[in-house]
Amino acid sequence: MSSFPPALLVEGRRVPGSLEALRRLVRALDVQPGERVLLLGAGDGTSLRVLARDAGANVTAVEWDPKLVAALEARVRDEALSGRVTVRQGDVAGLPSQGFESVLVDTLPPPGSITEFAAKLRELLVVNGRLGITLPVAVGLSTQEPVQTFWSHELGMPLQRPTATLGLIEKAGYEPQWAESLSDELMAEYYRLLDEQVQTADPAVAERAKKAIELFRTGPGRTGASHAMLVARRREPGEKPPPARTAG
């Protein structure tokens with residue numbers, strides 16, 4: 001799996017969002033004490049701590065960067081989370097089928113179909129298990145062409161609105177449950193912090209990060225792109241759809 005940007009962490013995470021936004025996402029996942037949660041892209045452990053310490057979950061934290069893995073293992077020991085957290089280097093290969101009540105993706109998925117990616121993660125979820133993911137999305141009345149082109153290339157698929165993105169996840173065997181787009185203010189703060197890090201980053205990584213920052217800052221008005229936190233529940237074959245909502 002690759003991520004954007006793979007080596008730059010903003011407030012400990014690879015995707016935009018404040019600590020409060022992360023907590024809202026965890027609440028939307030309805031993580032209960034003792035549940036098994038898979039965290040993909042553990043970063044410096046910020047999300048791990050919210051899941052294990054605040055929500056009381058048993059966390060399997062997957063990270064790709066060996067230095068971050070070592071730092072995560074040290075953090076787990078220092079914060080006395082060894083009985084509740086397992087740190088793993090690599091990807092999801094070898095993880096148990098239906099081994100988790102929730103999967104939280106704290107990085108961008110590998111470029112390609114989000115439906116195929118969600119389908120792979122579905123096999124790791126128990127019946128009624130939940131998937132939480134933060135993805136670039138189209139917002140506003142229109143999305144500028146350079147922004148659409150950039151994020152479509154990063155995602156390996158056209159940039160979609162939140163409801164359409166949830167629809168692609170639904171095709172992988174899920175029931176869409178929740179979506180929240182991040183505010184312009186939160187995105188502006190994310191790119192401000194990201195800009196502070198690109199000067200000393202690996203050139204290949206920094207180039208992509210600088211392009212994202214440039215597109216966000218130079219577009220006239222809203223550029224038509226943000227990130228959205230999305231939650232969906234594993235649905236079983238033949239399961240009846242939820243009842244339609246009626247007014248009143």
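These questions and answers cover a predicted model of one protein chain and the packing of its helices.

Visitor: What is the mean pLDDT of the protein chain?

Guide: This is a predicted model, so confidence comes up early. In the protein chain, 92% of residues reach a pLDDT of 70 or more. The mean for the chain is 90.

Visitor: In which element of the protein chain is confidence highest?

Guide: The lowest mean, 88, belongs to helix α8, residues 203-218. At the other end, with a mean of 98, stands residues 100-105, strand β4.

Visitor: What radius of gyration does the protein chain have?

Guide: The C-alpha trace spans about 50 × 45 × 35 Å along its principal axes. A compact globule with 248 residues would have a radius of gyration near 18 Å. The protein chain agrees with that, at 18 Å.

Visitor: How many helices and strands does the protein chain have?

Guide: Helices α1, α2, α5, α7 and α8 come up in this conversation. The full tally for the chain is eight helices and seven strands.

Visitor: Is α1 parallel or oblique to α2?

Guide: Helix α1 covers residues 19-29 and helix α2 covers residues 46-54. Their axes come within 11 Å and cross at roughly 50 degrees. That angle makes the arrangement of α1 to α2 oblique.

Visitor: Is the crossing of α1 and α2 left-handed or right-handed?

Guide: On the α1 side, Leu19, Leu22, Arg23 and Val26 make the contact. They meet Thr46, Ser47, Val50, Leu51 and Asp54 in α2. By class, that contact has five nonpolar, two polar and two charged residues. The crossing is right-handed.

Visitor: How is α5 oriented to α8, roughly parallel or roughly antiparallel?

Guide: Helix α5, residues 145-155, packs on α8 with the axes 10 Å apart. The angle is about 150 degrees. Angles over 145 count as roughly antiparallel. So α5 to α8 is roughly antiparallel.

Visitor: Which residues of α8 make the contact with α5?

Guide: The crossing of α5 and α8 is left-handed. From α5 come Pro146, Val147, Phe150, Trp151 and Glu154. The α8 side supplies Arg208, Lys211, Ala212 and Leu215.

Visitor: How many charged residues does the contact of α7 with α8 have?

Guide: Helix α7, residues 184-198, packs on α8 at about 145 degrees, with the axes 10 Å apart. Residues of α7 in the contact include Asp184, Arg192 and Asp195, while those of α8 include Lys210 and Arg217. The contact has 10 nonpolar residues and no polar ones. Its charged residues number five.

Definitions and conventions
Residues are numbered from 1 along each chain as its sequence is written. This is a predicted model: local features need pLDDT of at least 70, side-chain atom pairs count only at pLDDT 80 or more; totals for chains, interfaces and linings use all residues. Side-chain values use heavy atoms; hydrogens and water are left out. pLDDT is the predictor's confidence in each residue, from 0 to 100. Helices (H or I, at least four residues) and strands (E, at least two) are DSSP runs, numbered from the N terminus. Axes are lines fitted to C-alpha atoms, for helices over the stretch in contact, and angles run from 0 to 180 degrees between N-to-C directions. Angles under 35 degrees count as roughly parallel, over 145 as roughly antiparallel, 65 to 115 as roughly perpendicular and the rest as oblique. A crossing is left-handed if the near helix is turned anticlockwise from the far one by less than a right angle, and right-handed if clockwise. Contact means heavy atoms within 4.5 Å. Ala, Val, Leu, Ile, Met, Phe, Trp, Tyr, Cys and Pro count as nonpolar, Asp, Glu, Lys and Arg as charged, and the others, Gly among them, as polar. The radius of gyration is taken over C-alpha atoms; the globule rule is 2.2 Å times the number of residues to the power 0.38.
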